[in-house]
2 protein chains.
Amino acid sequence: MNLSELAAHLNLSVTTVSRVLAGSPEKYRISEATTKRVVEAAQKYHAAPNPLGLGLRKGQTGMIGLLVPDITNPFFAQLAREIERELRKSDKAVLLFDSGEDVKIERKLLRDMISRRLDGFILAPVGVDTEELRFAVKNENLPVVLMDRLISGVDCTSVSLDNFDAGYKAAHYLIQKGHQRIGCLRGDSRTAVDADRYNGVVAAICEAGLNVDESIVAGKGYSLVDGVEASRRILSNVNKPSGVITLNGQGIIALMNVLHDYGVSVPEEISIVAFDDQPWSKFSSPAITTIAQPIGKMARMAVEIIGSREKESKIFKAELIERASVAEVDVEYT
Amino acid sequence: MNLSELAAHLNLSVTTVSRVLAGSPEKYRISEATTKRVVEAAQKYHAAPNPLGLGLRKGQTGMIGLLVPDITNPFFAQLAREIERELRKSDKAVLLFDSGEDVKIERKLLRDMISRRLDGFILAPVGVDTEELRFAVKNENLPVVLMDRLISGVDCTSVSLDNFDAGYKAAHYLIQKGHQRIGCLRGDSRTAVDADRYNGVVAAICEAGLNVDESIVAGKGYSLVDGVEASRRILSNVNKPSGVITLNGQGIIALMNVLHDYGVSVPEEISIVAFDDQPWSKFSSPAITTIAQPIGKMARMAVEIIGSREKESKIFKAELIERASVAEVDVEYT
DNA sequence: TTTGTTTGCACAAACGTTAATCCTAAGTTT
DNA sequence: AAACTTAGGATTAACGTTTGTGCAAACAAA
């Protein structure tokens, strides 16, 4: 039911009803009696202000747009859930857009998002620099937060992971456990996320005085098929790695299956450190040692930035969760 | 940019601009020249009708609400993706609501959804009959489609799976492969989805003249923890099943890990049929034989029903995808 | 009684559209 | 030339809010 319908029903003006329901009856000197009458009738008839009228008047929609490359990817699903949960506290709703890792579709969606006059945007782009992305970001008046795959050169408030540090931590941990031959299952090396993480891995390896063998490094995309293919390439190497780091969430699924396929036991023959904690990681056998992103914290920060229209980017540190997929090996002295 | 701003810029009335951009210039006798002028300027300045004004005028928001129990669950994530993709074709957007399997939150969300005056609702409820759900559904004028966990007694257009048939198919397949001792990993047995599937399983078992051993049937919820616990119960039985059916998507993840933990090999020692095809099911080792829901088709049907305001419910049949997790066993004659 | 001060609410405008109606200048017919 | 048609738009109202202002009644003060 409308405010106007309710007002007619109560023989009051829409103004009065609106003022009561907006929560400031005393400010406008609405009597106790009237206030009570309105509130009770509103409850009874499920009356609430029409968001379109309200939005038109106030210039805001009460919605923020969330763009992800693939909601089917557990990382983005978790992100979406946390963002929705947080936004709900300020009575905002989430408009979901899924580009399917397709840059052309992403462009279209960005245009659509903008034309919908949302109150803010949380964008996890495919990872490619497009005109639409720049346009969306440059829209000075609207709060935009970039997440996950940041675009170098596109200047925008962002919430992200210190990917270099995360990669470094993963490799450093393996090295500390005695591993000297470290393989790496990458995603799309053209995206900054992947490159940064890999650079961190390389840095740790070099720092330890070891060298990087690119024949046990593979990957060309974030899909499961890509992951499986890369895993096979890594494992079919005559000189197998003693530890493998999967640089993205899908990677671990691919790798585990290929490992099982090849009859390689974890962590006895090969140790694994995976990026992105999955719901099942701790139930897996062996439980997976993980570089976990603080998804909840990042989501909350993104929402806070949107709400407060801050302009400062935040970088979070990943956390290494020790579980059972990494074995300690004796260091071979060469 | 607004239509009114654009109109002012072009020294035209808002009406004219609106009519050109709405795509019916000839119907209102707008000259070719003017039409062209408007179209070009609109492109140049990224001008588009404000959806709030438009919505207010037309009485629709161009958005439909999607309510799921858990977007992190791959089934609902896939559903969301397909629904969004389909809705996009008619320029509608998806407002996402995630109840987190919590009935109280679901109630609140339903109220919020209704007050947002959306053009339609696609609801995958937690599975419990609530007043709010009934209210949302009874809202005669708005198109509502129920999916997945239907509520018996709540009369509403729905798109669902023939769950009995699906359960029957799973069990029948195992029996056909010679299995006589069939275990079952259930979800929440109070929900109709789970009960129907289980009844299908029971029917197939009884039809084959075998009997159901409830000591290898377990499950009390849809979460991963529930799944792990139930899997342990089933596998710790002294007399292990020769085949296990997991009645929901999370189940297979739990079961596989527990199996690996117990050192049971699939399909040599135990065969598995899983509900809900997962992206990794075919890459798994062994690849998982699956009872797959036609998620894409179901999503498209839901969107079609919403669009056409049909009232007829549709029931889809699950498809059995034969892969490698079921072994043929010799039938023991008793 | 007149003037001033509250109290309690209604009225009007504006947000941006669109659909129905109306207006004006030009061209066409008689 | 007068009357009629047509082209090409502009005006107006309405969708449902909220906010600034207005205005009557009641009450107090002088």
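What rotation, and what shift along its axis, superposes chain B on chain A? Let's take that up in the first view, keeping in mind that this is a predicted model.

**View 1. Two chains around one axis.** Chain B is superposed on chain A by a rotation of 180° with 0.0 Å of shift along the axis, and the RMSD is 0.1 Å. That is the relation of a two-fold axis. If you look in chain B for the C-alpha nearest this axis, you will find that of Leu95(B), 2.3 Å away from it. The two copies use the same surface to meet, since 100% of the contact residues of chain B recur in chain A.

**View 2. The contact between chain B and chain A.** Here 53 residues from chain B come together with 53 residues from chain A. The size of an interface is often given as the accessible area lost when the parts come together. Between chain B and chain A, about 4,500 Å² is buried, and carbon and sulfur atoms give 63% of this area.

**View 3. Polar links across the interface.** Two salt bridges are found between chain B and chain A. Asp70(B) forms a salt bridge with Arg81(A), where the closest N and O atoms are 3.5 Å apart. Across this interface there are also 20 residue pairs in polar contact. Several elements of chain B each supply at least two residues to the side that touches chain A, among them helix H5 (74–88), helix H6 (103–115) and helix H11 (249–261). Sort the residues on this side of chain B by type, and you get 25 nonpolar, 16 polar and twelve charged.

**View 4. A strand pair that spans the two chains.** Strand E2 (residues 93–98) of chain A meets E2(B) here, and the two pair in the antiparallel sense over three bridges. Leu95(A) has Leu95(B) as its bridge partner in E2(B). You have met Leu95(B) already: in chain B, its C-alpha is the one nearest the axis.

**View 5. A six-stranded sheet in chain A.** Strands of a sheet pair through backbone hydrogen bonds, either parallel or antiparallel. In chain A, an open sheet of six strands follows the order E7-E6-E8-E9-E10-E12, and its pairing is mixed. Strand E7 (217–218) and strand E12 (319–321) of chain A are the edge strands, each pairing on one side only.

**View 6. Strands E8 and E9 of chain A.** Strand E8 (residues 243–246) and strand E9 (residues 271–275) of chain A run parallel, joined by four bridges. To find your place in this pair, look for Val244(A), which stands opposite Ile272(A) in E9(A).

Definitions and conventions. Residues are numbered from 1 along each chain as its sequence is written. Chains are lettered from A and ligands numbered from 1 in the order in which they are written. This is a predicted model: local features need pLDDT of at least 70, side-chain atom pairs count only at pLDDT 80 or more; totals for chains, interfaces and linings use all residues. Side-chain values use heavy atoms; hydrogens and water are left out. Copies are superposed by least squares on the C-alpha atoms of residues with pLDDT of at least 70 in both. Contact means heavy atoms within 4.5 Å. Buried area is the accessible area (1.4 Å probe) that two parts lose on being put together, summed over both. A salt bridge is a side-chain nitrogen of Lys or Arg within 4 Å of a carboxyl oxygen of Asp or Glu. A polar contact is a pair of N or O atoms within 3.5 Å; within protein, one must be able to donate a hydrogen and the other to accept it, and residues adjacent in sequence count only if both atoms are side-chain atoms. Ala, Val, Leu, Ile, Met, Phe, Trp, Tyr, Cys and Pro count as nonpolar, Asp, Glu, Lys and Arg as charged, and the others, Gly among them, as polar. Two strands pair if DSSP finds at least two bridges between them.
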